[in-house]
Number of protein chains: 2
Amino acid sequence: MIKERQTKQKAVILSAVQGTKTHPTAEQVYEMIRDEMPNVSLGTVYRNLNRLAEIGTIRRISVINSPDKFDGDLTPHHHISCTQCGKFCDFFDAEYNESLDRFIEAKTSFRIAKHETVFYGVCPECKCNELN
Amino acid sequence: MIKERQTKQKAVILSAVQGTKTHPTAEQVYEMIRDEMPNVSLGTVYRNLNRLAEIGTIRRISVINSPDKFDGDLTPHHHISCTQCGKFCDFFDAEYNESLDRFIEAKTSFRIAKHETVFYGVCPECKCNELN
DNA sequence: AACATAAATAATAAAGTTTGTCAATAAGAA
DNA sequence: TTCTTATTGACAAACTTTATTATTTATGTT
């Protein structure tokens, strides 16, 4: 019995997400792969990103004032969003607080799979542009 | 010179968000106030929620697989999302980690205003429905 | 109280984001 | 190679949010 087929599209989409640190949206992944795959459809990009995120091969990140972003880097890290220009960065130097998940589980009876933390602020460049 | 006018709509929208713990979306706020204000328009709801969130009178929460939610409770707390049924809960028993904001500032030169943490998992009811 | 100004609204169009439909294609088993 | 059906491309539709504009109305001024 067939479970899941390996397609060129699937491989290219995954490799695009894993090969960048830009946290692309679905639309941006679509643009990224059109050189290599001009006939790919946006629906295929959405479908595969959704599946990859669901099985945990990539991360989905929900950000205020932005379509969902995708991240191929599964190592625990946080994200920082500039509320002025939308710049979106990784932050690696703070460990994932696993014990917080266990604490919430104990207190709420939810089974917690993960938490996502996004920091909101103003990036150095936008700070510079604040004249006075 | 006039800066900002107090309107009935603005007051009703704010009071709807502040008077519930359900973290309504814009559409849900719209439904909530239509009894009291049948002619209000959805655009007005969006406009006022955006403004209130921008000035910090209410919180905007970005959640995977949901339109943005709004929260009138400004006391520091976390949120938990059930990935099965979408149930969305508060969690108050973990203090806001202010020092993490200062740590990120020191390491990145961003000016951090806040961070939002959302926990994803399965709620007690949905756990029950997992037969076997 | 009446008037003037412009901020805010209702109505609606449009833009932006995501999912669904379905005939055609193609991955993988036999 | 042939068969089965998961996946795709094309496109429609749904969903979410913002923009446009004539009208209304909150508020300062007379």
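In the predicted model, chain A is partitioned into two domains, domain 1 spanning residues 1-72 and domain 2 spanning residues 75-132. The C-alpha centres of these two domains of chain A are separated by 22 Å. Their contact involves 10 residues from domain 1 of chain A and 11 residues from domain 2 of chain A.

Between domain 1 and domain 2 of chain A, about 820 Å² of area is buried, and carbon and sulfur atoms contribute 50% of this area. The count of salt bridges between the two domains of chain A is one. A salt bridge joins the side chains of Arg59(A) and Glu116(A), with an N to O distance of 2.7 Å. Seven residue pairs, with both members at pLDDT 80 or more, are in polar contact across the interface of domain 1 and domain 2 of chain A.

On the side of domain 1 of chain A that touches domain 2 of chain A, the elements contributing two or more residues are strand E1 (59-61) and strand E2 (69-71) of chain A. E1(A) makes the greatest contribution to this side of domain 1, with three residues. By residue class, the side of domain 1 of chain A that touches domain 2 of chain A consists of three nonpolar, two polar and five charged residues.

The surroundings of DNA strand C were examined next. DNA strand C is surrounded by 20 residues, of which the closest are Gln6(A), Tyr46(A) and Asn50(A) from chain A, together with Thr44(B) and Arg47(B) from chain B. Of the atoms of DNA strand C that come within 4 Å of the protein, 72% belong to sugar and phosphate.

Several side chains of chain B approach phosphate oxygens of DNA strand C. For Thr44(B), a polar side-chain atom is placed 2.6 Å from a phosphate oxygen of DNA strand C. In Thr7(B), a side-chain N or O atom is 3.0 Å from a phosphate oxygen of this strand, and for Arg51(B) the distance from a polar side-chain atom to a phosphate oxygen of DNA strand C is 3.4 Å.

The elements that supply two or more residues to the surface near DNA strand C are helix H3 (42-54) of chain A, and helix H1 (8-18) and helix H3 (42-54) of chain B. H3(B) provides the largest share of the surface near DNA strand C, amounting to four residues. In composition, the surface near DNA strand C comprises eight charged, eight polar and four nonpolar residues.

Key:
Residues are numbered from 1 along each chain as its sequence is written. Chains are lettered from A and ligands numbered from 1 in the order in which they are written. This is a predicted model: local features need pLDDT of at least 70, side-chain atom pairs count only at pLDDT 80 or more; totals for chains, interfaces and linings use all residues. Side-chain values use heavy atoms; hydrogens and water are left out. Domain bounds come from an automatic or database domain assignment. Contact means heavy atoms within 4.5 Å. Buried area is the accessible area (1.4 Å probe) that two parts lose on being put together, summed over both. A salt bridge is a side-chain nitrogen of Lys or Arg within 4 Å of a carboxyl oxygen of Asp or Glu. A polar contact is a pair of N or O atoms within 3.5 Å; within protein, one must be able to donate a hydrogen and the other to accept it, and residues adjacent in sequence count only if both atoms are side-chain atoms. Ala, Val, Leu, Ile, Met, Phe, Trp, Tyr, Cys and Pro count as nonpolar, Asp, Glu, Lys and Arg as charged, and the others, Gly among them, as polar. A residue is near a molecule or strand if one of its heavy atoms lies within 4 Å of it.
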